[in-house]
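Here are a few notes to help you find your way around the inside of this protein. Take a look at the model first, then read on.

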Amino acid sequence: MNDKDLKIFEAVARTGGIGRAATELHTVQSNVTARLRQLEEELGVALFDRHSRGVTLTAAGRRLRPFAVQIADLIRQAKRAAQDDGTPRGPLSIGSMETTAGLRLPEVLAAYTQAYPQVDLSLTTGTTPWLTRAVIARELDGAFVAGPVDHPELTAETVFAEEMAIVAAPGIESLDDLGAMPDLRIVAFRSDCSYRQRLESILAAQGIVKVRVIEIGTLDGIIGCVAAGMGISLLPKGVVTQALRDRRIRAFSPPAWTERVDTVFVRRADAHPSSALSAFLQIARPSPAVRLGEPLALARSHR
């Protein structure tokens, strides 16, 4: 058993088919089949169940797969560490919540790509749970997520502190009005969105538990739906600045226990911090002298 065998095994497990894995690995199906059978003979167990739709992992295959992923990642890290002479270069995959990507990262990305043109930077947006799982699975080098994060396999560093606002249509005078609405809706990202979960907790604390949800995939879409009176949302103040100035929406301060949300950068604790990643974090960390956003005048709930 060697790293090439495990690479083939992991590709077949991930793609669910020998042909698809062969295409990804730029080889022929017969080679993939032969290497898999050789690996199964060496281990003395079947790793896949073959069927007309492709292959699925056996119990033994499911036990082996995490080790295959980890070994492949260790080899990749070893190569990167050996080649890392202190000059940021090569691939760097960063994840971020949609709100952070829109509010905090444009200037960071512009400065970074200008300073380090040899880095192939990619940015993926998603919800906090999804991004966290991607970092744990070594699919991302790191990600900006809503804190706090406490996981034994991750290192978390607070980078930004967001002041939150409950946003509603201009006709809403106070949070008291929400309880009287017969068909209150939350406008938010997917069900595992941390801001959506916080807003549901805020409403539950006020005795509002029967709330329908409208799922929107973009930040602009959420703000637009709120402005149109379709529902309410919980968002960082910074992303609603213009809409508030244009009087498209009304914003309220949430309860003190959720008025501030830290945005943390998470990465695997056992991963080698490449020069590319270290340089990125150096730029992303705000200087104490830098203002992180203009304060907004928000309405206070009467509760």
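The points below go through one helix, the nonpolar cores and a cavity.

1. Please keep in mind that this is a predicted model. The numbering of residues starts from 1 along each chain.

2. A good place to begin is helix H6, residues 105–115, where Leu105, Val108 and Tyr112 are the buried residues. Looking down the axis of H6, you will find these residues within an arc of 60°, so they line one face of the helix. Glu107 and Gln114, on the other side of H6, are exposed.

3. What lies over that buried face? The cover of the buried residues of H6 includes strands E3 (90–96), E4 (119–125) and E5 (142–146), along with helices H5 (98–103) and H12 (275–284).

4. Next, the largest nonpolar core has 47 residues, and Ile166, Val167, Leu178, Leu203, Ile232 and Leu235 touch the most other members. Strand E6 (residues 154–168) gives the most to this core, with 6 residues.

5. Leu203 is worth selecting in your viewer. Leaving aside residues up to four places away in sequence, Leu203 touches Leu178, Leu184, Ile186, Ile208, Val211 and Ile232. A second core, separate from the largest, has 19 residues, among them Phe9, Ala13, Phe48 and Ala68.

6. Finally, the largest cavity has a volume of about 40 Å³. Its lining has 10 nonpolar, 1 polar and 1 charged residues, including Phe189, Arg196, Ser233 and Leu235. Strand E7 (185–188), helix H9 (194–205) and strand E9 (233–236) are the elements that each give two or more residues to this lining.

Note on methods. Predicted model: local features only at pLDDT ≥ 70, side-chain atom pairs only at ≥ 80, totals over all residues. Heavy atoms only, no water. Buried < 20%, exposed > 50% of the residue type's maximum accessible area, 1.4 Å probe, protein only. Helix = DSSP H or I, 4+ residues; strand = E, 2+ residues; numbered from the N terminus. Arc of directions from axis to C-beta. Contact = heavy atoms within 4.5 Å. Core = buried A, V, L, I, M, F, W, Y, C linked by side-chain atoms within 4.5 Å. 1 Å grid on protein atoms, 1.4 Å probe; cavity = no way out; pocket = protein on both sides within 12 Å on 5 of 7 lines; lining within 4 Å. Points joined across faces, edges and corners; volume = space filled by probe spheres on them. Nonpolar A, V, L, I, M, F, W, Y, C, P; charged D, E, K, R; others polar.
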